[in-house]
Amino acid sequence: MRQVTVIEHLLLHQKQVPMATGRFTRLLNELILSAKIISREVNKAGLVDILGYTGDKNIHGEQVTRLDEYAHRVIVHRMQRAGVLCAMASEEHADLIQIPHGLPVGDYFLVFDPLDGSSNIEANVNIGTIFSIYRAKKERVGPEVELSDVLQKGIEQVAAGYFIYGPSTMMVYTTKDGGVHGFTLDPTVGEFLLSHPDIRIPEQGKIYSVNEAYWNYWDGATQKVVSTFKDPNSDLGRLYSLRYIGSLVADFHRTLLYGGIFMYPADYRDPKKPRGKLRLLYEAAPLAMVVEHAGGMATDGLNRILEIEPQELHQRTPLFIGSKKEVEKAREIYKESKSE
Ligand code: AHG
Ligand code: MN
Ligand code: MN
């Protein structure tokens with residue numbers, strides 16, 4: 001295959017899409033450079049004193065690893081100076097991140113999970129960076145961008161995708177009306193080169209992916225959904241395997257290429273407040289855009305992820321994502337249980 005870089009591919013195959021403008025290309029370039037820097041640190045994580053925890057907790061009350069912090073800082077530092085963003089939001093920062101006064105601004109809004117799967121870093125398991133790009137909804141009114149200027153349904157994303165740091169570092173992304181394309185970093189060239197053009201997810205797979213340890217915290221409908229994938233005589237008509245890595249990017253990437261379903265259902269650990277752990281804006285929505293553009297589906301069990309109207313930056317959602325056949329099956333069971 002001829003060596004095609006991300007930007008060449010964008011200009012070649014997506015030139016009909018208006019946002020293949022210089023500013024969008026600049027945004028993508030800065031994001032790619034950030035990922036190369038993060039990948040370099042991830043690949044030597046075992047060697048330098050970058051492992052372990054900072055001792056801080058993020059807004060979710062989760063331990064922040066040094067690599068989370070590092071990845072967050074790399075992206076914020078580069079993207080603030082790119083002159084293409086009006087604001088950005090990160091899993092590792094409670095509020096909107098404004099562009100400092102005096103730096104050039106643009107009208108794109110970047111939301112990202114700087115390092116996904118960070119609890120796996122010490123075990124040398126694949127981790128990743130997830131990103132989602134919107135246009136600001138209207139001209140900025142004041143010097144500060146408000147949430148109301150940028151919060152939108154996932155269907156409004158201009159582009160979305162992820163980097164996965166593992167045996168090889170890959171970038172998978174899609175644009176508004178584009179397909180899904182995978183690029184593999186060639187460290188000898190220092191470029192992401194097209195390796196998986198036009199990714200399509202199989203209509204049905206044979207892997208389901210969920211953390212079954214929470215079985216006792218799920219409601220009956222969820223237990224019924226998961227049981228279906230354990231029943232070789234169900235109308236899905238096949239015996240499934242269970243694979244669960246615990247890094248969303250890795251579990252999703254496998255699902256995208258092999259088919260099947262990844263689930264993170266709501267659990268009732270707090271009986272008064274059922275919740276799905278994953279965050280809508282920088283985990284569920286970007287991956288939902290990728291999977292839909294590859295021919296798959298993504299719901300919160302019942303509703304299409306891309307249609308959920310976000311109310312706040314770190315809002316959580318249950319997530320059922322993957323091949324149409326399996327995600328549709330889960331939705332059928334939830335619909336039935338609702339009508340009982
Ligand atoms: P992050 O490291 O960005 O906080 O994400 C961790 C998430 C996601 O990567 C993964 O699917 C999920 O946590 C695993 O959660 P459990 O350990 O509860 O299964
Ligand atoms: Mn994450
Ligand atoms: Mn994270």
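1. A salt bridge is taken here as a side-chain nitrogen of Lys or Arg within 4 Å of a carboxyl oxygen of Asp or Glu. Glu30 and Arg26 meet this criterion, with their closest N and O atoms 3.2 Å apart. Both residues belong to helix H2 (residues 22–43), where they are four residues apart, about one turn of the helix. Glu30 is buried, at a relative accessible area of 10%, whereas Arg26 is partly exposed, at 37%. The model under discussion is a predicted one, and the structure holds 17 salt bridges.

2. Helix H8 (residues 324–339) contains the pair Arg331 and Glu328, three residues apart, about one turn of the helix. Their side chains form a salt bridge with an N to O distance of 3.3 Å. A further pair in helix H8, Lys329 and Glu332, is likewise separated by three residues, about one turn of the helix, and its salt bridge spans 3.0 Å, N to O. Lys329 is buried, with a relative accessible area of 10%. Its partner Glu332 is partly exposed, at 34% relative accessibility, and Glu328 is partly exposed, at 30%.

3. Beyond these pairs, a network of salt bridges links Lys153, Glu292, Arg304 and Glu307. Glu91 and Arg279 also form a salt bridge through their side chains, at 2.9 Å, N to O. Glu91 is in addition a ligand of a metal ion, as the next point describes.

4. The manganese ion (ligand 3) is coordinated by Glu91 (OE), Asp113 (OD) and Leu115 (O), at 2.0 to 2.2 Å. The spacing of these donor residues in sequence is E-x21-D-x1-L. Distant parts of the chain are linked here: Glu91 lies in the loop between strand E3 (85–90) and strand E4 (97–98), and Leu115 lies in strand E5 (residues 108–116), 24 residues apart. Both Glu91 and Leu115 are buried.

5. For the manganese ion (ligand 2), the protein donors are Asp113 (OD), Asp116 (OD) and Glu283 (OE), at 1.9 to 2.1 Å. Their spacing in sequence is D-x2-D-x166-E. Asp113 bridges this ion and the manganese ion (ligand 3), the two lying 3.7 Å apart. Asp113 and Asp116 are both buried, and Glu283 is among the buried residues of H7.

6. The domain assignment gives domain 1 (6–196) and domain 2 (207–339). Their centres, taken over C-alpha atoms, are separated by 24 Å. Contact between them involves 47 residues of domain 1 and 33 residues of domain 2. About 3000 Å² is buried between the two domains, and carbon and sulfur atoms give 66% of this area. Leu151, Lys153 and Tyr162 supply 20% of the area that domain 1 buries against domain 2, more than any other three residues. Two salt bridges are found across the interface of domain 1 and domain 2.

7. In soluble globular proteins, nonpolar side chains tend to be buried together. In this model the largest nonpolar core has 64 residues, of which Phe109, Tyr162, Leu256 and Met263 touch the most other members. Helix H7 (residues 280–293) gives the most to this core, with ten residues. Domain 1 (6–196) and domain 2 (207–339) each contribute at least three residues to the core. A second, separate core of 43 residues includes Val42, Val76, Met171 and Tyr173.

8. Leu256 shows the surroundings of one core member in detail. Leaving aside neighbours within four places in sequence, Leu256 is in contact with Tyr162, Val172, Val180, Ile199, Arg200, Ile201, Pro202, Val290 and Ala294.

9. Helix H7 is mostly covered, with twelve of its 14 residues buried. The buried residues of H7 include Leu280, Leu281, Tyr282, Met289, Val290 and Val291. Gly295, which follows H7, has a positive phi, near 95°.

10. Arg254 lies in helix H6 (residues 248–258). Is this arginine buried or exposed? Arg254 counts as buried because its relative accessible area is 13%, below the 20% limit for that class. Leaving aside neighbours within four places in sequence, Arg254 is in contact with Ile207, Ser209, Arg243, Ile245 and Gly259.

Conventions. Residues are numbered from 1 along each chain as its sequence is written. Chains are lettered from A and ligands numbered from 1 in the order in which they are written. This is a predicted model: local features need pLDDT of at least 70, side-chain atom pairs count only at pLDDT 80 or more; totals for chains, interfaces and linings use all residues. Side-chain values use heavy atoms; hydrogens and water are left out. Donors are N, O and S atoms within 2.8 Å of the metal (3.2 Å for Na, K and Ca); water is not among the atoms, so sites may look incomplete. Helices (H or I, at least four residues) and strands (E, at least two) are DSSP runs, numbered from the N terminus. Buried means under 20% relative accessible area, exposed over 50%, partly exposed in between (1.4 Å probe, protein chains only). A nonpolar core is a set of buried Ala, Val, Leu, Ile, Met, Phe, Trp, Tyr and Cys residues joined through side-chain atoms within 4.5 Å. Domain bounds come from an automatic or database domain assignment. Contact means heavy atoms within 4.5 Å. Buried area is the accessible area (1.4 Å probe) that two parts lose on being put together, summed over both.
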